[in-house]
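Reader: I've got this model open and I'd like a close look at one part of it, the aromatic cluster. Could you walk me through how the rings sit together?

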Amino acid sequence: MTLKFCANISWMFREAGAVPLRYGAAGRAGFRGVEAAFLYDHPVEEVVKAKEEAGVEQVLINMFPGNLAEGELGLAALPGRQQAFKDGLELSIKYANALNCKRMHLMAGRVPVDWSREAALPSMEETFVENLKFAAARLEKEGILALIEPINSKMTDPKYFLNTPQQALQIMQKVGHSNVKLQLDFFHQQIMDGNLTNSIKEYLPHIGHMQISQVPGRGEPDSEGEVNYDYVFSVLESVGYGGWIGLEYNPAGDTVTGLEWWRKYMSKSK
């Protein structure tokens, strides 16, 4: 089988300019699917036009993240922000439906500045479960899959609430809804736990989306680092993973030049 890769246009093709311009760059590079973090600075009509002209599928968007300027990075687990979460969800659904996007990452958010993780855990988990129950049902009506992603606390964001797949699965069990799945990013997984082969096999039934980048530099999969992605790809093929794999990495230079690994993989898989 051949794995499916989608370009993350919030990270890749920056040389093309603003995010809407990167749709065309991704399409010209040969991608049939793209994902994006935050599109909300651009009118939905502008984004839809760019996506349709590029002829690509919108695989994934992140939900509206709250006030990035004030340090928010997601609303789903923030006590007292439940109405803001619901309002942000509706805005995000508007974008997702216009883009015909069937996956949405609901970011948990950061532990409030004046709280310790230990003190915040009970109320944040309760809020997260409550909001995910609401969102899972709401998104199911729209045909959109809700995703939650652990982000490592060792390098990337010490204040982010959701850090490991184990924690994510515990949350998902408490939510108890089939429309919530795990978004597994191998960058975060390698930093927090490693054990990639067994993690793929263990979490596969719960996974709705994957992302990759090299560790620790977060560059192209074939750049210098800890992860042998040729082997990881062989494992994903062997277990029959048929979902998308998002390329959430920082190109070392020109994006297209750095896609030699992808061209080799696609050529080999023909």
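**The aromatic cluster**

Author: Let's start with Phe5, which is buried, with a relative accessible area of just 5%. Keep in mind that this is a predicted model. Trp261 is buried too, at a relative accessible area of 8%. Now put those two side by side: the ring centres of Phe5 and Trp261 are 5.4 Å apart and the planes make an angle of 85°, so you're looking at an edge-to-face pair, since anything over 60 degrees counts that way. Phe5 belongs to strand β1 (residues 4–8) while Trp261 belongs to helix α9 (residues 260–269), so this pair ties together parts that are 256 residues apart in sequence.

Next up is Tyr229 with Phe233, another aromatic pair, but a tilted one: 5.8 Å centre to centre, with 35° between the planes. Both of them sit in helix α8 (residues 229–238), and being 4 residues apart there, they are separated by about one helical turn. Tyr229 and Phe233 are both buried as well.

So how does it all join up? Phe5, Tyr229, Phe233, Trp261 and Tyr265 form one aromatic cluster. For context, the structure holds 11 aromatic pairs.

As for the strand that carries Phe5, β1 is part of a closed barrel of 8 strands, running β1-β2-β3-β4-β5-β6-β7-β8 with parallel pairing. Ignoring direction, neighbouring strands in that sheet are turned by 30° against each other on average.

One more ring you might like to look at is Phe134: Lys86 lies over its face, at 4.7 Å from the ring centre.

How values were computed. Residues are numbered from 1 along each chain as its sequence is written. This is a predicted model: local features need pLDDT of at least 70, side-chain atom pairs count only at pLDDT 80 or more; totals for chains, interfaces and linings use all residues. Side-chain values use heavy atoms; hydrogens and water are left out. Two strands pair if DSSP finds at least two bridges between them. Helices (H or I, at least four residues) and strands (E, at least two) are DSSP runs, numbered from the N terminus. Axes are lines fitted to C-alpha atoms, for helices over the stretch in contact, and angles run from 0 to 180 degrees between N-to-C directions. Rings of Phe, Tyr and Trp (its six-membered ring) pair if their centres lie within 6.5 Å; planes under 30 degrees apart count as stacked, over 60 as edge-to-face and the rest as tilted. Buried means under 20% relative accessible area, exposed over 50%, partly exposed in between (1.4 Å probe, protein chains only). A charge sits over a ring if NZ of Lys or CZ of Arg is within 6 Å of the ring centre and within 35 degrees of the ring normal.
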